[in-house]
Amino acid sequence: QVQLVESGGGLVQTGGSLRLSCAAAGRTFSSYSMGWFRQAPGKERDFVAATTWSRGIIYYAHYADSVKGRFTISRDNAQNTVYLQMNNLTPEDTAVYYCAAKRAYSSGDYSDPGAYEYWGQGTQVTVSS
């Protein structure tokens with residue numbers, strides 16, 4: 001069982017930055033792939049970024065095309081925390097952002113919300129124009 005708690009959301013102007021954090025409680029955090037998703041009102045939950053685990057030591061970062069070059073995902077296994085640094089924000093980034101976890105060897109693609117077992121409660125990000 002993994003409990004996830006997001007923080008760091010807020011209101012920012014276009015071009016601004018925010019860093020989201022997701023603290024995980026539970027064992028073996030390092031063996032989980034972690035993802036960030038977002039959901040705007042009336043829309044589906046979309047993939048933003050993920051850090052996946054391979055061969056026991058290697059982590060890869062993956063990004064949606066819409067955030068590539070602006071967002072950076074990172075993780076600190078010692079702190080059981082995954083981060084999402086968001087730069088050059090635009091109003092199109094406004095959404096509730098969710099952190100999610102899946103065991104590294106579980107089935108399902110890292111960009112598919114249905115592949116994740118555990119979810120946080122979400123944190124609101126609002127970008128004003």
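Student: Which residue lies over the face of Y98?

Tutor: Keep in mind that this is a predicted model. The residue sits 3.7 Å from the centre of the Y98 ring. It has a second ring partner too, since its charged end is found over the ring of W119, 4.8 Å from the centre. The residue lying over the face of Y98 is R45.

Student: Y98 and W119 are both rings, so let's go there next. How many aromatic pairs does a search of the whole structure find?

Tutor: Ring pairs join F37, F47, Y98, Y110, Y116 and W119 into a cluster. Searching the whole structure, the number of aromatic pairs comes to seven.

Student: Take F37 and F47. Is that pair stacked or edge-to-face?

Tutor: A pair of rings is described by the distance of the centres and the angle of the planes. For F37 and F47 the centres are 5.8 Å apart and the planes make an angle of 70°. Planes over 60 degrees apart count as edge-to-face. With 70° between its planes, the F37 and F47 pair is therefore edge-to-face.

Student: Which strands do F37 and F47 come from?

Tutor: These two rings link distant parts of the chain, ten residues apart. Both F37 and F47 are buried. F37 belongs to residues 32–39 and F47 to residues 45–54, which are strands β4 and β5.

Student: F37 also pairs with Y116. What is the angle between the planes there?

Tutor: The centres of F37 and Y116 are 5.1 Å apart, and this pair is edge-to-face. It links distant parts of the chain, with F37 in strand β4 and Y116 in the loop between β9 and β10, 79 residues apart. The angle between the planes of F37 and Y116 is 80°.

Student: Is Y116 buried or exposed?

Tutor: The cut-off for buried is under 20% relative accessible area. Its partner F37 has a value of 0%, so F37 is buried. Y116 comes in at 6%, so Y116 is buried.

Student: On to the largest nonpolar core. Which element gives it the largest share?

Tutor: In soluble globular proteins, nonpolar side chains tend to be buried together. Here the largest nonpolar core has 35 residues, and L4, M34, W36, L84, M86 and Y97 are those with the most contacts inside it. Elements giving two or more residues to this core include β3, β4, β5 and β11. The largest share is five residues, and it comes from β9.

Student: M86 is on that list. Which residues is M86 in contact with, leaving aside neighbours within four places in sequence?

Tutor: M86 is one of the residues with the most contacts inside the core. Outside that stretch of four places, M86 is in contact with G16, S17, L18, L20, R70, F71, Y97 and V125.

Student: Which side chain makes a polar contact with the side chain of T52?

Tutor: T52 lies in strand β5, and with a relative accessible area of 13% it is buried. Not counting residues up to four places away in sequence, T52 touches S33, I58, Y59, Y60, H62 and Y110. The polar contact, at 2.8 Å, is with the side chain of H62.

Student: Which cysteines form a disulfide?

Tutor: A disulfide is a covalent bond between the sulfur atoms of two cysteines. The structure holds one, and it links strand β3 to strand β9, with the partners 77 residues apart. Both cysteines are buried. With their sulfur atoms 2.1 Å apart, the two are C22 and C99.

Student: Why is that disulfide called left-handed?

Tutor: It comes down to the torsion about the S-S bond of C22 and C99. The disulfide is left-handed because that torsion is about -75°.

Student: What separates the C-alpha atoms of G9 and T126?

Tutor: G9 lies in the loop between β1 and β2, and at 32% relative accessibility it counts as partly exposed. Setting aside neighbours within four places in sequence, G9 is in contact with L18, L20, T123, Q124 and V125. G9 and T126 are 117 residues apart along the chain, yet their C-alpha atoms are separated by 7.9 Å.

Student: Which residue in the loop between β8 and β9 has a positive phi although it is not a glycine?

Tutor: Most residues other than glycine have a negative phi. N80, in the loop between β7 and β8, has a phi near 50°. In the loop between β8 and β9, the residue with a positive phi of about 50° is N88.

Methods: Residues numbered from 1 in each chain as written. Heavy atoms only, no water. Phe/Tyr/Trp six-rings, centres within 6.5 Å; stacked < 30°, edge-to-face > 60°. Helix = DSSP H or I, 4+ residues; strand = E, 2+ residues; numbered from the N terminus. Buried < 20%, exposed > 50% of the residue type's maximum accessible area, 1.4 Å probe, protein only. Lys NZ or Arg CZ within 6 Å of the ring centre and 35° of its normal. Core = buried A, V, L, I, M, F, W, Y, C linked by side-chain atoms within 4.5 Å. Contact = heavy atoms within 4.5 Å. Polar contact = N/O pair within 3.5 Å; in protein donor to acceptor, adjacent residues only side chain to side chain. Disulfide = S-S within 2.5 Å.
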